[in-house]
Amino acid sequence: MSESTSSSRPRVGGATVRKAKLQDAVNIFELVNSLSGDGTLLRRNYAEICENVRDFTVAESESGVFLGCGALHLYGPHLSEVRSIVVKPEAKGQGAGGKLLRMLLAEAEDQGVQCVSLFTRIPDFFFHFGFRVVDRTVLPDKIYKDCQACPRLYACDEVAMVRGPLPRIAVLGPSKIAQPELVKLQTGSLASGH
């Protein structure tokens, strides 16, 4: 093998993955929104992508051509979410999607987050990475953050999936969906004066 072992960036079929930089925001914006018209991805505005660019990982060819992206959103130590994971049509089959997902999962592990969630129309891809299908109501943080404002709230065709133990707390709310079995987040004893 002539490939240098000094590169710390993993390669699959020539694709390299790395944390996104602000300069990647235009490519991320264009790719994500090219798939938002049919509801495949939630539409994101450019300012929002710039603001959250540190959530993103990008895949690129050996020559530096942008191939795709994915993001890891952190809700807290109890839950993270893989978002906006997408590869350009011409880059499919090169392993870039799997490499992006592996890097996002490693990032969640590095942050000490046990449960990684996602919503998808292609669950078969994620089964290979240890995800399982769950009822969306076990993820009230996600529902409050995105679903309640989504035009497809009551006609959702996406599958909720998780990897790891289900979270037993929620930090966002109030949710329209009652979750009596969830442990309420204890925010301290300031109210009681102790």
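Two strands pair, in the sense I'll use today, if DSSP finds at least two bridges between them. Hello everyone, and please keep in mind throughout that this is a predicted model.

With that in hand, let's look at β3 and β4. They pair in the antiparallel sense, over five bridges. If you want a place to put your finger, Ala59 stands opposite Gly68 in β4. The hairpin of β3 and β4 has five residues between the strands, and there Gly64 takes a positive phi near 90°.

Now carry on to the next strand. β4 and β5 also run antiparallel, joined by seven bridges. The hairpin they form has two residues between the strands. Here the pair to look for is Cys69, which stands opposite Val86 in β5.

So how enclosed is β4? Ten of its eleven residues are buried, so the rest of the structure largely encloses this strand.

While we're on β5, have a look at Ser84, which lies in that strand. Ser84 has a positive phi of about 50°, although it is not a glycine. The cut-off for buried is under 20% relative accessible area, so Ser84, at 10%, counts as buried.

Let me step back to the whole chain for a moment. We have five helices and eight strands, and from the N terminus on the order is β-β-α-α-β-β-β-α-β-α-β-α-β. There are 194 residues, and buried ones make up 41% of them. Among contacts with a separation of 6 or more, 67% are between residues 24 or more positions apart. The chain exposes about 11,000 Å², with carbon and sulfur atoms supplying 55% of that.

Next, helix α1, residues 25-34. Its buried residues are Ala25, Ile28, Leu31, Val32 and Asn33. What covers them? The cover includes α2, β3, β4 and β5, so our hairpin strands turn up again here.

On to the charges, friends. The structure holds eight salt bridges, and I'd like to show you three. In one of them, the side chains of Arg18 and Asp24 meet at 2.8 Å, N to O. Arg18 is found in strand β2. Arg18 is buried at 15% relative accessibility, and Asp24 is buried too, at 8%.

Another joins Lys142 and Glu81, at 2.9 Å, N to O. Lys142 lies in helix α5 and Glu81 in strand β5, so this pair ties together parts that are 61 residues apart in sequence. Both Lys142 and Glu81 are buried.

The last of my three is Asp157 with Arg121, again 2.9 Å, N to O. Asp157 sits in the loop between α5 and β8, and Arg121 in the loop between β6 and α4, so to speak distant parts of the chain, 36 residues apart. Asp157 is partly exposed at 41% relative accessible area, and Arg121 is partly exposed as well, at 31%.

Which residues form a network? Salt bridges that share partners join Arg18, Asp24 and Glu60 into one. The side chains of Arg18 and Glu60 also show a polar contact of 3.2 Å.

Finally, the surface. Tyr144, Val171 and Leu172 form a nonpolar patch there, with about 220 Å² of accessible area together. Val171 is in the segment after β8, and at 38% relative accessibility it counts as partly exposed.

That's my tour, and thank you for listening!

Methods: Residues are numbered from 1 along each chain as its sequence is written. This is a predicted model: local features need pLDDT of at least 70, side-chain atom pairs count only at pLDDT 80 or more; totals for chains, interfaces and linings use all residues. Side-chain values use heavy atoms; hydrogens and water are left out. Patches are made of residues with over 30% relative accessible area and no salt bridge: like charges are joined within 9 Å, nonpolar side chains (Val, Leu, Ile, Met, Phe, Trp, Tyr) within 5 Å. Accessible areas come from the Shrake-Rupley method with a 1.4 Å probe; for residues, only the protein chains shown count as cover. A salt bridge is a side-chain nitrogen of Lys or Arg within 4 Å of a carboxyl oxygen of Asp or Glu. Helices (H or I, at least four residues) and strands (E, at least two) are DSSP runs, numbered from the N terminus. Buried means under 20% relative accessible area, exposed over 50%, partly exposed in between (1.4 Å probe, protein chains only). A polar contact is a pair of N or O atoms within 3.5 Å; within protein, one must be able to donate a hydrogen and the other to accept it, and residues adjacent in sequence count only if both atoms are side-chain atoms. Contact means heavy atoms within 4.5 Å.
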